[in-house]
Amino acid sequence: AKFGIRLNDRLCTMIPNGPEAAVFFLVFPLQCVYAPLNPALSRAEIEFEFSDLPCHSVVFMCGDANEAGMHVATAQKVQVLEMTPRADFAGLFSLKLQQKTHVKLKADLQNIELRSRRHDVAL
């Protein structure tokens, strides 16, 4: 809810395999529709995935140069979040809005405590 991501919004990640990816896989489906994407996708493939889902927000690892993903996110006005892994614990990280991102945070966050239910859509 901090970034305006709601239960039916699609959150994509383009991060390498590792403990942080495992945490995303287990936790994010409880809060939104989670769609992990391969960080090695081509620009055309990213454009297709972002428009087909449609993608509300995308997470990149801080410091990773995913120019194709950033270009597509900017062009399609997808909110970009940066994930910074913690050095002291595997799988723990912080998220923040990327500085030049298109922000999709809605001021009217009603029913903020809603969580995924048994028959919700998931990927």
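Helices (H or I, at least four residues) and strands (E, at least two) are taken here as DSSP runs, numbered from the N terminus. Residue numbers start from 1 along each chain as its sequence is written. The model is predicted, so local features need pLDDT of at least 70 and side-chain atom pairs count only at pLDDT 80 or more, while totals for chains, interfaces and linings use all residues, and side-chain values use heavy atoms, with hydrogens and water left out.

Let us start with the whole chain. Its secondary structure comes to three helices and five strands, and from the N terminus on the order of elements is β-α-β-α-β-α-β-β. The chain has 123 residues, of which 35% count as buried, where buried means under 20% relative accessible area, exposed over 50% and partly exposed in between (1.4 Å probe, protein chains only). About 7,600 Å² of the chain is exposed, and carbon and sulfur atoms supply 55% of that area; the areas come from the Shrake-Rupley method with a 1.4 Å probe. Among contacts (heavy atoms within 4.5 Å) with a separation of 6 or more, 59% come from residues 24 or more positions apart.

Now turn to a pair of helices. Two packed helices are described by the angle between their axes and the distance between the axes. Helix H2 (residues 43–52) packs on helix H3 (residues 67–75) at about 40°, with their axes 9 Å apart; axes are lines fitted to C-alpha atoms, for helices over the stretch in contact, and angles run from 0 to 180 degrees between N-to-C directions. That angle makes H2 oblique to H3, because angles under 35 degrees count as roughly parallel, over 145 as roughly antiparallel, 65 to 115 as roughly perpendicular and the rest as oblique. On the H2 side, Arg43, Ile46, Glu47 and Phe50 make the contact, and on the H3 side Ala68, Gly69, His71, Val72 and Ala73.

Follow the chain out of H2 and you reach Leu53, in the loop between H2 and strand E3 (57–61). Leu53 counts as buried because its relative accessibility is 14%. Its C-alpha lies 9.2 Å from that of Cys12, although the two residues are 41 apart in sequence. Pro54 lies in the loop between H2 and E3 too, and a cis peptide bond with omega of about -15° joins Leu53 and Pro54.

One more loop deserves a look. Between H3 and strand E4 (79–85) you will find Lys77, which is not a glycine yet has a positive phi of about 55°. Most residues other than glycine have a negative phi, and most peptide bonds are trans.
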